[in-house]
Each structure stands twice: as C-alpha cells, then as structure tokens.
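I opened this entry to record how one sheet is put together and what packs against it. I looked up strand order, pairing, the covering helix and burial, in that turn.

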Amino acid sequence: MEKKIYAQVVVIGSGPAGYSAAFRCSDLGLNTILIERYRKLGGVCLNVGCIPSKALLHIAKVVTEAKELSESGILFNTPIIDINQVQRWKEKVIGSLNIGLSSMAKKRNIKVIVGTAKFLSNQSLLVESKKEKILVIFENVIIATGSHAIQLPGIPNDKRIWNSTDALSLKNIPNRLLIIGGGVIGLEMATIYSALGSKIDILDTGTQLLPVVDKDVIDIFIHSINNKFNLILNQEISTIQSDKQGITVTMVDSNNIKKSNCYDSVLVAIGRKANYKDLNINSIGIELDSSNFIKTDKQLRTNISNIYAIGDVIGQPMLAHKGIHEGHLAAEVIAGKKHFFMPKVIPCVAYTDPEIAWVGLTEQEAMKQNINYRVGIFPWSASGRALTSHSHPGLTKLIFDKNTNRIIGGIVIGRNASELLSEISLAIEMGCDAEDIALTIHAHPTLYESIGLAAEVFQGTVTDLINIK
C-alpha cells in the first residue's frame with residue numbers, strides 16, 4: 001500500500017540546482033519536498049563531478065608546482081603516491097559537504113525522499129524505492145534531474161573503458177591513457193592523470209581544442225601542455241578492441257590513413273545528455289526543444305504552468321553555477337516574485353594547467369556578430385607576480401565595444417584564471433567601460449592587476465608595455 005503526502009513544492013534532484021531550489025523554497029516559506037534517487041545529496045557535481053575533480057586537480061597542481069621549483073634551485077624527491085590515502089582524503093571532503101547539505105535540509109524542515117520519481121499527472125508523482133511507494137500530490141514541481149555522460153556506441157564492455165565517474169574513482173593510474181574528447185572534462189582529466197604519471201593521448205574529431213575559445217588563447221595552452229600530453233586532432237575512431245594486453249584503438253585521419261595504439265585505459269568524455277527518461281514527461285505533455293532539452297521560458301516554466309525545470313536538463317551551458325541561480329529564481333517565481341532569468345553573461349572555466357576562463361563574448365563571437373570591437377591584451381610575460389610564482393605563460397584579454405568603450409567579454413589563461421574572472425564578469429554586468437577598469441587601482445604585484453593593465457592597453461595609457469596606440 002502506497003503512502004500519500006502533499007507539498008506546495010516538489011524538487012526532483014538534489015544537485016546544485018535542485019538543492020538550491022529546495023532551500024530557497026523553504027526560506028520563502030513554502031512547504032517543500034526534495035526527491036533524490038541516491039542516499040547522498042549533492043548530485044553528480046558534489047559526489048562524482050565538480051568537487052572530486054577539483055580535489056584531484058589540486059593534488060595535480062601541487063605535484064606540478066613542486067617539479068617546477070627545480071628551476072629555482074629547490075629539489076624534491078619523486079613523490080610517492082598512496083592512491084588509497086588520496087581516495088580517503090577525497091571522500092572525506094565529499095562526505096563533509098554531504099553532511100552539510102543534509103543538515104541544512106533538516107534545519108529547513110525539508111522532507112527528503114530517496115527514490116525515483118515519475119509523473120502521473122501535472123499534480124502528482126509516484127516515488128518508488130526498494131522499501132516503499134509514495135504518492136506525492138503537489139502544487140508546483142521543479143525538475144532538476146541533471147545529466148549523464150554520453151557513451152560511444154558499439155564499444156566493448158570492459159572495466160578499462162571509463163566515463164568521468166570511473167576516472168574520478170581513481171582505482172588505478174594507467175601507464176597509457178587515451179582520452180576521447182578534447183572538451184573541458186577531457187582536458188581536466190588529462191591534467192590530473194598526467195601529473196600522477198600517466199602518458200596521455202587526447203583524441204578529438206575537431207581541428208582545435210575548445211573551439212568556443214579564441215585561437216590565440218588555445219595556442220598558448222597547447223604550447224604549455226606539449227610536453228605533458230599528446231594531442232591527436234581531426235581524427236575519428238575506426239574500431240575499439242579489448243584483450244589481455246589492453247584496449248586497442250584504431251584511428252583514421254582526414255586522408256583515410258589508419259593508425260592503431262594500445263592503451264591500459266580509455267576515457268570517453270564526449271559530452272553529456274539530459275536526464276528525464278524515467279520521469280514519464282511525455283505522458284503529461286512536457287515539451288522539448290530542438291536539442292532534446294526540456295523547454296522553458298525566462299521564468300524557468302515549462303509549457304505546463306506549475307512545472308519548472310532548471311540546470312543541465314534545460315540545456316547549455318551545463319554548469320553548476322547556472323543551475324544554482326536558476327534554482328533560486330524558480331523558487332522565487334513560485335513564491336510570487338516577478339523575477340526573470342536574464343543574465344548578461346555566464347562564466348565558463350576549464351580547470352586545466354594553465355586554467356582557461358572566459359565570460360561574455362569572445363573575439364571570434366564578436367566577429368561573427370559584426371560588432372565593432374577592439375581588444376586589450378596584457379601578456380603575463382610582463383607580470384612580475386606571474387614570473388615570480390611560476391604562473392607564466394598566461395594572458396589576460398578583454399574585448400570592448402569600440403563604439404561605446406564598454407567591456408563585452410574577457411578571456412584569461414594562466415594559473416588561477418578562474419579566480420580572476422569575477423572582476424570581468426561584474427564589469428560586464430555593471431556596464432563598465434575601459435576607463436572604469438583602468439582607473440580602478442589594482443594591487444601590485446598581483447595576477448588580477450593584468451585586468452586593469454589590459455584595459456590600459458586598450459586605452460593607450462599602459463606603461464608596463466611599449467604603448468603602441
């Protein structure tokens with residue numbers, strides 16, 4: 001016999017988008033239920049995505065920087081990697097955040113139901129677990145079910161062929177690792193495993209890594225990683241075969257020339273797809289867009305007025321911080337506030353070494369949109385802080401509307417680029433022009449002063465470089 005419960009708001013999925021929505025609903029006085037298929041809150045991001053990857057990237061960064069110090073006369077012994085201890089430390093970090101989320105849900109009086117949900121109507125859900133079935137009647141529902149890794153069709157069923165979750169489990173450090181996909185996830189995994197001792201090949205069908213990023217920035221990145229891992233671009237996979245020796249991958253280039261390599265492990269990182277297959281959304285008529293994401297308006301409503309969707313399930317960019325803001329807004333709309341999700345920009349980061357961070361329009365996007373633009377570029381080779389902290393090579397690039405001098409975009413490549421992006425994002429949202437940025441006194445010597453110096457380059461007032469304006 002199934003139980004029956006009622007809520008003003010039901011949130012399906014407890015990733016960053018889902019728990020943010022549920023917590024905001026509760027803070028606004030709404031009776032809220034949070035449904036999660038796994039026992040731990042936090043979704044992919046906390047448990048098998050953003051947080052564990054950043055923990056391992058931190059280790060990779062320290063290992064790499066220790067090696068670089070040899071140039072300064074500081075020598076360390078070859079690191080001894082206790083993979084089990086690394087695992088325990090990573091799980092401790094995740095566990096601490098899990099406990100924090102559960103505690104906050106409890107203090108907010110949010111009922112958490114563990115199970116899988118499926119729509120019965122636009123006002124009811126059936127939640128099933130191993131122990132029970134619960135009928136949930138709701139006034140509003142927020143779908144925040146996230147995404148999953150896309151798998152290559154026809155590949156062998158072999159434990160040595162990984163997705164990103166497998167890679168982050170860190171069960172072993174392969175001698176030879178092939179990463180299929182040169183996107184953010186693939187490049188971050190390459191950064192981790194290269195630092196831990198794997199020989200890395202990255203295979204991508206495109207002619208450039210991260211094609212959304214300007215080529216001058218990618219050229220710096222490629223120059224930086226040439227001695228760390230091998231790029232195989234503009235090639236496709238012909239076959240993948242597994243045997244006792246390893247995983248043999250045959251690749252074919254644009255001239256139809258084939259080449260085979262054997263690897264200890266292969267990581268498939270070719271993108272992610274929205275999770276809604278088990279929700280039974282077709283039965284109640286929720287519409288999808290042309291890319292098979294759930295379609296929403298500027299208030300995150302689907303075509304059914306009391307059903308909202310947020311996060312990865314509604315499309316690109318699939319970023320936790322976008323989902324968090326969407327979660328807040330959906331809760332506020334349900335609570336009666338006339339809010340709309342209309343950010344000027346959403347920042348993006350590849351937590352590689354060096355990091356690549358961008359926000360707003362890139363130069364190539366400005367060109368495509370026929371915007372009368374000009375850039376201000378400050379190379380980190382002229383930055384005292386970059387040189388003294390082994391943070392070179394790097395570059396800060398700002399894009400300005402030439403008609404108004406307003407900043408419309410920015411890209412930073414270099415150590416801690418992700419932390420530098422905040423000033424650029426705020427400047428775009430606030431409608432700052434080059435003078436606003438250039439006349440803001442930045443601390444010296446810092447990496448973030450490169451933002452002010454790039455604005456000075458645009459204005460023609462820079463003294464740290466030869467002024468060519």
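Sheet order. In this predicted model, I looked up the open sheet and found five strands in the order E8-E15-E9-E10-E11, with parallel pairing. I then asked which strands stand at the edges. They are E8 (161–162) and E11 (229–233); each has a single partner strand, so one side of each is left without a neighbour in the sheet.

Pairing of E9 with E10. I took strand E9, residues 176–180, and strand E10, residues 199–204, and noted that they pair in the parallel sense over five bridges. For the register, I read that leucine 178 has aspartate 201 as its bridge partner in E10. Isoleucine 180 has leucine 203 as its bridge partner, also in E10.

Pairing of E9 with E15. Here I noted parallel pairing over four bridges. Leucine 177 has serine 265 of E15 as its bridge partner.

The helix. I next asked which strands helix H6 lies across. Helix H6, residues 184–195, lies across E8, E9, E10, E11 and strand E15 (265–268). I recorded an angle of about 170° between H6 and E10.

Connection. I checked the handedness of the unit made by E9, H6 and E10, and entered it as a right-handed β-α-β unit.

Burial. Last, I asked how many residues of E9 are buried. The count is four of its five residues, and I therefore entered E9 as mostly covered, with buried taken as under 20% relative accessible area.

Key: Residues are numbered from 1 along each chain as its sequence is written. This is a predicted model: local features need pLDDT of at least 70, side-chain atom pairs count only at pLDDT 80 or more; totals for chains, interfaces and linings use all residues. Side-chain values use heavy atoms; hydrogens and water are left out. Two strands pair if DSSP finds at least two bridges between them. Helices (H or I, at least four residues) and strands (E, at least two) are DSSP runs, numbered from the N terminus. Contact means heavy atoms within 4.5 Å. Axes are lines fitted to C-alpha atoms, for helices over the stretch in contact, and angles run from 0 to 180 degrees between N-to-C directions. Buried means under 20% relative accessible area, exposed over 50%, partly exposed in between (1.4 Å probe, protein chains only). A crossover is right-handed if, with the strands pointing away from the viewer, the path from the first strand over the helix to the second runs clockwise.
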